[in-house]
Amino acid sequence: MPLPLASRIALVTGASRGIGYATARVLAKAGAHVVAVARTQGGLEELDDEIRKDGGSATLVPLNLTDFDGIARLGAALHERHGKLDILVGNAGVAGPSSPLGHIELKPWNDVMAINVTANFQLIRCMEPLLKQSDAGRAVFVTSGAANKAAAYLGPYGASKAALETLVRTWANETASTPIRVNLFNPGPIRTRMRATVFPGEDPMTLDTPEQAAKFIVPMCSPAWGETGRFYDYKTRTLMSFRAPA
């Protein structure tokens, strides 16, 4: 039986651990060739080992996403090697400081915005031409409930995810008449290292694993997926539309 994503090229950011790692593995199991992007070489090599064990294939790209020129070079390299991109999973993100806004220095604020917002903007700019070369380009960006909760002491993270959601929805509207489908995925509380740093008193064994969540990202990457500008909430297993405040 042919694999559902055979011959498709999938770019996954933040692929060295957590949801990105799990998503890269499950996309590879479905037949996609995974272009795995992360800062951590060791984590990427571990991912590659697991993908090979599963019978899949990957290209490893050690890259800090604040290297915006590096993202552009990656787009050029993908064009030269594959001539297209079928799947983009914008997963990489940082939590930033957990402090009152008045106590946060400008540099950590800018660092959060650089990874969570600007890097994804640069990915959109550089990967859209490649996605247009696919017969069914699919993009999924990982967001958070922090985008609309405005929780105290999580200002940089919440603001960055709110900005990401608007950025992604704008792109979905701009590409609505094309074969590209663009959506958001909210995993909710998941057993990741980043979650543990923000909520150190939480029992991680009460949370779902990245592997459980990643299985729900894969259908959104399939050519059969027709929705765009939507929001999949993993906790409630619900595909949602955005609504203006009442």
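Below are worked exercises on a predicted model of one protein chain.

**Exercise 1. Overall build**

Task: Work out what the size of the protein chain says about its packing, and how many helices and strands the chain has.

Solution:
- Step 1. Count the elements. The protein chain has eight helices and eight strands.
- Step 2. Take the box. Along the principal axes, the C-alpha atoms fill roughly 50 × 40 × 35 Å.
- Step 3. Test against a globule. A compact globule of 246 residues would have a radius of gyration near 18 Å; the protein chain has 17 Å, so the two agree.
- Step 4. Look at burial. Of the 246 residues, 48% count as buried.
- Step 5. Look at contact range. Take the contacts between residues at least 6 apart in sequence: 70% of them join residues at least 24 apart.

**Exercise 2. Helix α1**

Task: Check the span of helix α1, then find what covers its buried residues.

Solution:
- Step 1. Helix α1 covers residues 18-29, which is twelve residues.
- Step 2. At 1.5 Å a residue, α1 should span 16 Å. The end C-alpha atoms of α1 are 17 Å apart, which agrees.
- Step 3. List the buried side. Ile 19, Gly 20, Tyr 21, Ala 22, Thr 23, Ala 24, Leu 27 and Ala 28 of α1 are buried.
- Step 4. Find the cover. The elements over these residues include strands β1 (9-13), β2 (33-38) and β4 (87-90). Helices α2 (41-53) and α8 (210-217) are also among them.
- Step 5. Follow the chain out. Just after α1, Gly 31 takes a positive phi of about 110°.

**Exercise 3. Leu 65 and Ile 71**

Task: Decide whether Leu 65 and Ile 71 are buried or exposed, and trace their contacts.

Solution:
- Step 1. Place Leu 65. It lies in the loop between β3 (57-62) and α3 (68-81).
- Step 2. Apply the cut-off. Buried means under 20% relative accessible area. Leu 65 has 6%, so Leu 65 is buried.
- Step 3. Leave aside neighbours within four places in sequence. Leu 65 is then in contact with Thr 13, Val 37, Ile 71, Ala 92, Ile 115 and Ala 119.
- Step 4. Move to Ile 71, which sits in helix α3. Its relative accessible area is 0%, so Ile 71 is buried.
- Step 5. Apply the same exclusion to Ile 71. Its contacts are Leu 63, Leu 65, Ala 119, Gln 122, Leu 123, Cys 126 and Met 127.
- Step 6. Add distances. Leu 65 and Phe 185 are 120 residues apart in sequence, and their C-alpha atoms are 20 Å apart. For Ile 71 and Leu 164, 93 residues apart along the chain, the C-alpha separation is 17 Å.

**Exercise 4. Helix α6 and the second largest pocket**

Task: Describe helix α6, then find which residues line the second largest pocket.

Solution:
- Step 1. Helix α6 (residues 155-174) has 20 residues. From first C-alpha to last it reaches 29 Å, close to the expected 28 Å.
- Step 2. Note the buried residues of α6. Among them are Pro 156, Tyr 157, Leu 164, Glu 165, Val 168 and Trp 171.
- Step 3. Turn to the pocket. The second largest pocket holds about 190 Å³ of space.
- Step 4. List the lining: Asn 148, Glu 165, Phe 231, Met 240, Ser 241, Phe 242 and Arg 243.
- Step 5. Sort the lining by class. Three residues are nonpolar, two are polar and two are charged.
- Step 6. Link the parts. Glu 165 is buried in α6, and Glu 165 also lines this pocket.

**Exercise 5. Positive phi outside glycine**

Task: Compare the settings of Ser 7 and Arg 237.

Solution:
- Step 1. Ser 7 has phi near 75°, a positive value in a residue other than glycine. Arg 237 is not a glycine either, and its phi is about 55°.
- Step 2. Ser 7 lies in the segment before β1. Arg 237 lies in the loop between β7 (231-233) and β8 (238-240).
- Step 3. Grade exposure. Exposed means over 50% relative accessible area. Ser 7 has 60%, so Ser 7 is exposed. Arg 237 has 39% and therefore counts as partly exposed.

**Exercise 6. Met 205 and Pro 210**

Task: State where Met 205 and Pro 210 lie, and whether each is buried or exposed.

Solution:
- Step 1. Met 205 is in the loop between α7 (193-198) and α8. Pro 210 is in helix α8.
- Step 2. Met 205 has a relative accessible area of 58%, so Met 205 is exposed. Pro 210 has 8%, so Pro 210 is buried.
- Step 3. Met 205 and Gly 55 are 150 residues apart in sequence and 30 Å apart, C-alpha to C-alpha.

How values were computed: Residues numbered from 1 in each chain as written. Predicted model: local features only at pLDDT ≥ 70, side-chain atom pairs only at ≥ 80, totals over all residues. Heavy atoms only, no water. Helix = DSSP H or I, 4+ residues; strand = E, 2+ residues; numbered from the N terminus. Expected span 1.5 Å × (residues − 1). Buried < 20%, exposed > 50% of the residue type's maximum accessible area, 1.4 Å probe, protein only. 1 Å grid on protein atoms, 1.4 Å probe; cavity = no way out; pocket = protein on both sides within 12 Å on 5 of 7 lines; lining within 4 Å. Points joined across faces, edges and corners; volume = space filled by probe spheres on them. Nonpolar A, V, L, I, M, F, W, Y, C, P; charged D, E, K, R; others polar. Rg over C-alpha atoms; globule rule 2.2 N^0.38 Å. Contact = heavy atoms within 4.5 Å.
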